[in-house]
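Me: I am new to this one and would like a friendly tour. Could you take my questions one by one?

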Amino acid sequence: MLMRWMAIGLVCLGAGWLGCTKRAAPELAVPESATVSFSDVTAKTGIRFKQTSGATGRKLLPETMGAGVIVFDYDNDGKPDLYFVNSRPWPSAIPDAKPTGSLYRNRGDGTFEETTVSAGLNIPLFGMGGCAGDFDNDGFPDLFITAVGGNRLFRNVHGTHFEDVTESAKLNSSSWPSANTAAEFERWNRPVSFPSSATWLDFDGDGRLDLFVCEYVNWSPAQDLGIAAILPGGQRAYVPPTQFAGTHCKLYRNLGDGRFADVSGACGIEVSEPSGPNGDVVPVGKSLGVVVCDPDDDGWPDLVVANDTARNFFFHNIPDGRGGRMFEEIGLTSNVAFSEGRPRGAMGIDSAELEPGKTSVLIANFSNEPNTLLAVRKTKPLLFQDNAMAWGLTAPSRGPMKFGALFLDYDLNGRLDLLTVNGHLEPDIALARPQQTQAEPAQLYRNDGTFELPNFHSVTDAGDLLKPLVSRGSAYLDFDGDGSLDVVVSTNGGAAKLFRNDNKTGHHWLRLKLVGDGVRSNRDAIGATVEVTIGTEVRRFYSSNARGYLSQSESVITVGLGERTAVDRVAVRWPGRNAGTQTWTALTIDREHRLVQSPQ
């Protein structure tokens, strides 16, 4: 793999991160089939967040990776709120600076108010990403933040404020360097935890949300600074992940009493293999993105994990032989591990049904690597096929450095489209590649296919959404209640952006908010399968929270109807052991419905 980085011909060990970008053949212009544009409404909605990357010019790897954005309704008023994850300066770099993440409450009038301090979330962290979920089933979503040097779990107290329960929940992973000066910090050679994305799921079907956490690489500041990574002209570059050892992801089982137990090893999450001349068994993963899905439709949540320069994982949920559940990693046999026979620099990830009854998984990759679009071809045993080329994504997606990735029906025509947000890792990329810049435009792909066969085309005019940014996390939400999905984007070292979807198509829609009973199923209904019958079409949606890169979109399911004016049937298979299925008919279109699990 190191040869791949060096082959670019730059005088630096980290050359592979500096964007050997092939120019794709120009696409033929595709006429827009719908009138949809996105407007930057960040300022007028009251959002003032700017991410602190921690960069000082020493170029330590975590500085360029964050951060994410989390959409959740923390006060249960039916309107999506926003939490922007933030990083912070390194020890002693800027002694008085204590930036924190920011919580914005949706007022419901098209504006947001910042409630970080009153909610008790003004806590400095070197944050990366996170996820929100009601782990204690009290009806209010709690907040988990992944952070370099130690994650945090914040319990939501009746929608008014949050309390840090990391210690009592047994989730403390603190490894933040105890350095008093910048020199001491740079000499710190003990491993510092470096998590990335996280997701809630009920893997064992007991009605309680468990927690899966991606871990990136085995990292310390001394190790990072000890690797020579030089740009043309002698300036330091960011070191690529190939120069760091892999790590194990984490799975924490919810014990139901406010505590979690680390079951990573017992439940098959720790993936190792022999490496090096001595055949030492080492961790494989360099994980950045995770999505929960159920490709074999057996009612048990599986996990697909995007690894950066290492093979991707598919964790298949199986019985453990003792009445419980565990995971079997089958990325190699299911054709998830590699693309074109090798690993790619995988970052963002999402999953959806693009063909009737079949799950697809999109993985956003490094520059000069196209997106991977895995589609199920068999379920027994599970087998995926990369359809990126067949469905029109390979050539247009190859060039940029892609992070956030989302399936969303932005024009509400009933076909899921695709958005990736992009931005280079290296702020000084122009020293190595004069034609490149760190800020890159997002890419929006409209699905012009049929119900049976998707077909993606690049959208060239989507208003402000396609302006260049150094993007990382992204999420969708309907912040203004008009039924169209808006997009929020976090940037590295820059201002967050909220893009309003100005949809003038006149297309109809249906929005579904699922509420589990908190006993048989988790309150958030994560892991539910929703079938929507519209005439002869039966569309399926899988309820999961974290998706993309370091981020979480709203939990409400949006169903685009196009010109159709009725939905015949909605069926929800609730998550959990023997949780049952419920059916609704004659749901009014162009509104949001709250679907509550019936009592036993």
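Reply: Happy to; what follows is a set of questions and answers about a predicted model.

Me: Let's begin with the backbone. Where is A67, whose peptide bond from G66 is cis?
Reply: The bond that leads from G66 to A67 is cis, with omega near 5°. Look for A67 outside the strands: its place is in the loop between strand 1 (36-40) and strand 2 (69-72).

Me: And what is omega for the cis bond from K380 to P381?
Reply: P381 sits in the loop between strand 22 (372-379) and strand 23 (382-386). The peptide bond joining K380 to P381 is cis, and its omega is near -5°.

Me: Is N137 buried or exposed?
Reply: N137 is a residue other than glycine with a positive phi, near 55°. Its place is in the loop between strand 6 (127-133) and strand 7 (142-147). Buried means under 20% relative accessible area. N137 has 13% relative accessibility, so the answer is buried.

Me: What is the relative accessible area of L412?
Reply: L412 is not a glycine, yet it has a positive phi of about 60°. You can find L412 in the loop between strand 24 (402-408) and strand 25 (417-422). L412 counts as buried, and its relative accessible area is 1%.

Me: Now for a sheet. Which are the edge strands of the open sheet with the order 16-17-18-19?
Reply: This open sheet is formed by four strands, and the pairing is antiparallel. An edge strand pairs on one side only, and that describes strand 16 (287-293) and strand 19 (325-329).

Me: What does the twist average from one strand to the next there?
Reply: The sheet in question has the order 16-17-18-19. From one strand to the next, its twist averages 25°.

Me: Which residue in strand 18 is the bridge partner of L303?
Reply: Strand 17 (residues 302-307) and strand 18 (residues 313-319) run antiparallel and are joined by three bridges. On the strand 18 side, L303 has as its bridge partner F315.

Me: Turning to the interior, which residues have the most contacts inside the largest nonpolar core?
Reply: The largest nonpolar core has 30 residues. A second, separate core has 21 residues, including V530 and I557. Inside the largest one, the residues with the most contacts are L61, M65, F194 and W219.

Me: Which residues is W219 in contact with, leaving aside its neighbours within four places in sequence?
Reply: W219 is a member of the aromatic cluster that also holds W90 and F194. Leaving aside neighbours within four places in sequence, its contacts are L60, L61, P62, W90, V148, R190, P191, V192, F194, D224 and F244.

Me: On to charges. How many residues apart in sequence are the parts that R547 and D350 tie together?
Reply: Side chains of opposite charge can pair when their charged atoms come close. The side chains of R547 and D350 meet in a salt bridge, at 2.4 Å from N to O. R547 lies in the loop between strand 33 (537-542) and strand 34 (557-562), while D350 is in strand 20 (residues 346-355), so the parts that they tie together are apart in sequence by 197 residues.

Me: Is R446, the salt-bridge partner of D448, buried or exposed?
Reply: The closest N and O atoms of D448 and R446 are 2.7 Å apart. D448 is partly exposed, with a relative accessible area of 32%. R446 has 2% relative accessibility, so R446 counts as buried.

Me: Which residues are linked with R105 and E113 in a network of salt bridges?
Reply: E113 and R105 form a salt bridge of their own, 3.0 Å from N to O. E113 is partly exposed at 26%, and R105 is partly exposed at 24%. The network links this pair with D75, D77 and K79.

Me: Last, the aromatic rings. What is the angle between the planes of W90 and F126?
Reply: The structure holds 24 aromatic pairs. W90 and F126 form one that is stacked, with 4.3 Å centre to centre and an angle between the planes of 20°.

Me: In which strands are F314 and F384?
Reply: F314 and F384 form a tilted aromatic pair, 5.8 Å centre to centre with 50° between the planes. Both residues, F314 and F384, are buried. The pair links distant parts of the chain, 70 residues apart: F314 is in strand 18 and F384 in strand 23.

Terms used:
Residues are numbered from 1 along each chain as its sequence is written. This is a predicted model: local features need pLDDT of at least 70, side-chain atom pairs count only at pLDDT 80 or more; totals for chains, interfaces and linings use all residues. Side-chain values use heavy atoms; hydrogens and water are left out. Helices (H or I, at least four residues) and strands (E, at least two) are DSSP runs, numbered from the N terminus. Buried means under 20% relative accessible area, exposed over 50%, partly exposed in between (1.4 Å probe, protein chains only). Two strands pair if DSSP finds at least two bridges between them. Axes are lines fitted to C-alpha atoms, for helices over the stretch in contact, and angles run from 0 to 180 degrees between N-to-C directions. A nonpolar core is a set of buried Ala, Val, Leu, Ile, Met, Phe, Trp, Tyr and Cys residues joined through side-chain atoms within 4.5 Å. Contact means heavy atoms within 4.5 Å. A salt bridge is a side-chain nitrogen of Lys or Arg within 4 Å of a carboxyl oxygen of Asp or Glu. Rings of Phe, Tyr and Trp (its six-membered ring) pair if their centres lie within 6.5 Å; planes under 30 degrees apart count as stacked, over 60 as edge-to-face and the rest as tilted.
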